[in-house]
Each structure stands twice: as C-alpha cells, then as structure tokens.
Amino acid sequence: LQMLEQQVVGGEQAQNKDLKEKHKRRKKYADERRLQLVAALQESNEDSSEQALLNVYDSIQDEVRAKSKMLEKLRAAETEIKDLQSEFGQEKMDYLSTIRRQERDLMLCQQLLDQVQSLVRRDCNYSNLEKIRRESVWDEESGRWKIPEPVIQKTHLP
C-alpha cells in the first residue's frame, strides 16, 4: 500500500531523485527568504516593512487586495498631480495676465509722461525726468517711491 501510495502521490516522477533535490532546494530557498523577511520586518519601521512584504503573499486574494490598495494610492497620486498641474497652470495664466496688464499700464504712464514733460516749465526740476529717477528712493515701509518735491528755480535778471 505504501509503495502504491508513493507512486500515485508523486506520479511518474515519484522516483526522480533530481526532481526531489530541486524541490528540496526550492523549499530551502523559500524558508531562507521567509527568515530574511522576518528579520527585516523586526529591524525596520512600518513603511519599509510594506516594501519588504510587497512580493510575499499568503494567498492570491491578499495579493489582489495589496495591489488594489497600491493602485488606489497611485490613482490618488495621479489625481493630485493633475490637480496641482491645473492649479499651477491657472496661477501661471493669472501671473501672465497681470504682467500684460501692468505692461499696458506702464506704457500708458510712459506716454503720459512724454506728453506732459513738454508742458513742464524749464526752470522746474521736473523738466529732467532722468534726474528725478536718480533722486527717487523706494520706501519699503510705505511701499511707495519717495520722489523729490517740485522746485522752481527762479533766476533773477539784473
């Protein structure tokens, strides 16, 4: 009965010594790997233990659950990345529109200055805009430029 059982349980390969040795080596390797993983789990924190256990599952259902969780995390990360990219794109568009608006305002101010400069009296210090720009100072506290007061230099003829 035992002889029959050995032949039936192993099938045609029951007497194959090479196959038995291969099976023993696989089992020994699996046991060593399991011991290494247990040691790694004891030494590492929870996050790295997840990395150590990624490829070791008790059943297919556990593997499916773990991979489903990983897939959910990946999808959440992808969604977050897309949200951040769209938010960044919107901010970029806002900045560009602000820059364009400020450039238009600056051009208007420059054109106004060019028109008004010819109307300023020659004996006023505001007739020389470059000199006014050099003498102007930015005030951090008030957030404004401090520009020199307008002065008219009267020359008296004898």
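A residue is called buried when its relative accessible area is under 20%, exposed when that area is over 50%, and partly exposed in between. By that scale Glu130, at 45% relative accessibility, counts as partly exposed. The structure discussed here is a predicted model, and its chain of 158 residues has 6% of them buried. The secondary structure comes to five helices and two strands, which follow one another along the sequence in the pattern α-α-α-α-α-β-β.

**Salt bridges**

- A search of the whole structure finds three salt bridges, and each is described below with the accessibility of its two partners.
- In helix α4, which covers residues 60–117, the side chains of Asp62 and Arg65 meet in a salt bridge with an N to O distance of 2.8 Å. Because Asp62 and Arg65 are three residues apart in helix α4, about one helical turn separates them.
- Both ends of this pair fall between the buried and exposed limits, since Asp62 has a relative accessibility of 25% and is therefore partly exposed, while Arg65 is partly exposed with a relative accessible area of 48%.
- Arg121 and Asp123 form another salt bridge, in which the closest N and O atoms are 2.9 Å apart. Arg121 is partly exposed, with a relative accessible area of 46%, and Asp123 also counts as partly exposed, at 23% relative accessibility.
- Glu130 and Arg133 are joined by a salt bridge whose closest N and O atoms lie 3.1 Å apart. These two residues, Arg133 and Glu130, are three residues apart in helix α5, so they are separated by about one helical turn.
- Arg133 is partly exposed, with a relative accessible area of 45%, and its partner Glu130 likewise counts as partly exposed, at 45% relative accessibility.

**The second largest pocket**

- The second largest pocket has a volume of about 300 Å³, and the residues that line it include Leu106, Cys109, Gln110, Leu112 and Leu113, together with Tyr126, Leu129, Ile132, Arg133, Ser136, Trp145 and Ile147.
- The elements that give two or more residues to this lining are α4 and α5, the latter covering residues 129–135. Of the contributions to the lining of the second largest pocket, that of α4 is the most, with five residues.
- Sorted by class, the lining of the second largest pocket consists of nine nonpolar, two polar and one charged residues.
- Arg133 appears in two of these descriptions, as a residue that lines the second largest pocket and as the partner of Glu130 in a salt bridge.

**A nonpolar surface patch**

- Met93, Leu96 and Ile99 form a nonpolar patch on the surface, and together they have about 260 Å² of accessible area.
- Leu96, one of the residues in this patch, lies in helix α4. With a relative accessibility of 32%, Leu96 counts as partly exposed, and because patches are made of residues with over 30% relative accessible area, Leu96 meets that cut-off.

Technical notes:
Residues numbered from 1 in each chain as written. Predicted model: local features only at pLDDT ≥ 70, side-chain atom pairs only at ≥ 80, totals over all residues. Heavy atoms only, no water. Patch = residues over 30% accessible without salt bridge, like charges linked within 9 Å, V, L, I, M, F, W, Y side chains within 5 Å. Areas by Shrake-Rupley, 256 points an atom, 1.4 Å probe, with all protein chains shown as cover. Salt bridge = Lys/Arg side-chain N within 4 Å of Asp/Glu carboxyl O. Helix = DSSP H or I, 4+ residues; strand = E, 2+ residues; numbered from the N terminus. Buried < 20%, exposed > 50% of the residue type's maximum accessible area, 1.4 Å probe, protein only. 1 Å grid on protein atoms, 1.4 Å probe; cavity = no way out; pocket = protein on both sides within 12 Å on 5 of 7 lines; lining within 4 Å. Points joined across faces, edges and corners; volume = space filled by probe spheres on them. Nonpolar A, V, L, I, M, F, W, Y, C, P; charged D, E, K, R; others polar.
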